[in-house]
Structure formats: structure tokens, C-alpha cells
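Trainee: Got a minute to go through this one with me? I'd like to start with a charged side chain and then move on to strands and rings.

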Amino acid sequence: MTTWHIFYNNSTKLIAWSTSGLITDDIKTEQANAGLSYLSVEQENVPTDNEYWVNSSGNGIIEKSVFNPTYSTTTPELDQVINVTGLPAGTEVFIDKTSAGTMSDTTLTLTANEPGKYEINYSKVGYKNFTKQNIVVKRQGE
């Protein structure tokens with residue numbers, strides 16, 4: 001097991017940085033002055049910000065959840081509806097890297113209004129970054 005020194009944002013519990021190197025009291029003070037909290041954990045894997053976050057009591061880390069969306073189609077025709085299920089409420093949806101809003105439900109409904117290729121991404125605290133899903137909207141008959 002390796003001892004990891006983790007500095008994190010106490011309000012979001014997101015890890016800012018971590019190291020297995022020597023951490024002095026001066027470093028802890030400097031990071032506290034910058035608004036970061038400190039935690040030390042024992043584990044084999046590097047506690048990266050994409051894989052882990054700090055638990056609510058601030059005394060350990062938790063592996064982030066994985067998005068597992070299901071698409072009714074990824075190649076819709078113009079004006080066809082795309083239903084995406086398997087996303088938690090509170091997920092922020094990005095279309096071509098621009099926020100399209102935050103979901104209040106667990107089903108996302110998109111309507112293919114314009115032909116083209118669109119990149120869909122999701123973000124939510126406590127979840128690993130979602131690798132993009134491409135949606136290719138075709139004109140009817142293409």
C-alpha cells in the first residue's frame with residue numbers, strides 16, 4: 001500500500017491534486033491558505049480527480065460512478081426523437097461542448113432538427129468523465 005496525500009475542495013469534495021511524495025506542514029499550510037483541505041489515505045491506485053472524490057465526512061475517498069447511457073438510436077433521421085436513458089437526474093448535458101442544460105429527470109429526449117454530426121457529453125459530480133457519443137443526423141432517405 002502507498003500513502004497518498006490528497007488536497008481537495010472541501011465544498012465539492014473534488015480532488016485538486018495528490019502525491020505520494022513528502023508533504024511538509026508548510027505545504028499543508030500553503031494549500032489551506034489557497035482554500036484546499038488535506039487528507040491522507042492508504043491505497044495502491046493513484047487517487048486522480050477523474051477516478052475518485054472525497055467522501056462526505058472528509059476521511060476517505062470513493063471511486064466515482066460511471067455513466068451508462070442507452071440510446072434509442074445514434075443515427076436518427078431528421079425530426080426523429082432520440083431517447084437517452086440510464087442517466088441520473090442532475091446530469092449536465094453538452095452538445096458540441098456547449099451546455100444544453102441539466103437534467104431534472106432520468107430520461108433525456110433530443111429531437112434531431114438539423115442534419116450533421118453532434119458530440120454528446122455528460123458531467124455530474126461523483127461521476128467519471130464521459131467519453132463522447134457521436135450522433136449523426138441524416139436527411140430522410142440518406
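Mentor: Sure. Bear in mind that this is a predicted model. Start at Lys-64, which is buried yet makes no salt bridge.

Trainee: Which side chain of opposite charge is nearest to Lys-64, and how far away is it?

Mentor: That's Asp-49, 6.2 Å away. A salt bridge needs the nitrogen and a carboxyl oxygen within 4 Å, so Asp-49 doesn't qualify.

Trainee: Where does Lys-64 lie?

Mentor: In the loop between strand E5 (61-63) and strand E6 (70-71).

Trainee: And what does Lys-64 touch, leaving out residues up to four places away in sequence?

Mentor: Asp-49 is on that list, along with Asn-50, Glu-51, Tyr-52 and Trp-53. Leu-14 is there too, and so are Gly-126, Tyr-127 and Lys-128.

Trainee: OK, rings next. How many aromatic pairs are there?

Mentor: The count comes to six. Take Phe-67 and Tyr-122: the ring centres are 5.8 Å apart and the planes sit at 45°, so that pair is tilted.

Trainee: Where are those two in the chain?

Mentor: Phe-67 is in the loop between E5 and E6, while Tyr-122 belongs to strand E11. They're 55 residues apart, so to speak a link between distant parts of the chain.

Trainee: Are Phe-67 and Tyr-122 buried or exposed?

Mentor: Both Phe-67 and Tyr-122 are buried.

Trainee: Which residues do ring pairs link into a cluster with Phe-67?

Mentor: Tyr-122, Tyr-127 and Phe-130. Tyr-127 also came up earlier, as one of the residues that Lys-64 touches.

Trainee: Back to E11, then. What does strand E11 pair with?

Mentor: Strand E11 (residues 116-123) is joined to strand E8 (residues 92-95) by four bridges, running antiparallel. Ile-95 has Ile-120 in E11 as its bridge partner. E11 also has five bridges to strand E12 (residues 133-137), again antiparallel. There, Gly-116 is partnered by Val-137 in E12.

Trainee: Switching to the N-terminal strands: in what order do E1, E2 and E3 sit in their sheet?

Mentor: The order is E2-E1-E3, in an open sheet with antiparallel pairing. Strand E2 (15-19) and strand E3 (36-43) are the edges, each pairing on one side only.

Trainee: What does the twist average from one strand to the next?

Mentor: It averages 25°.

Trainee: And how many bridges join E1 to E2?

Mentor: Four, with strand E1 covering residues 2-9. Look at Phe-7 there: it stands opposite Trp-17 in E2.

How values were computed: Residues are numbered from 1 along each chain as its sequence is written. This is a predicted model: local features need pLDDT of at least 70, side-chain atom pairs count only at pLDDT 80 or more; totals for chains, interfaces and linings use all residues. Side-chain values use heavy atoms; hydrogens and water are left out. Two strands pair if DSSP finds at least two bridges between them. Axes are lines fitted to C-alpha atoms, for helices over the stretch in contact, and angles run from 0 to 180 degrees between N-to-C directions. Buried means under 20% relative accessible area, exposed over 50%, partly exposed in between (1.4 Å probe, protein chains only). Lys and Arg count as positive and Asp and Glu as negative; His and the chain ends are not counted. Contact means heavy atoms within 4.5 Å. Rings of Phe, Tyr and Trp (its six-membered ring) pair if their centres lie within 6.5 Å; planes under 30 degrees apart count as stacked, over 60 as edge-to-face and the rest as tilted.
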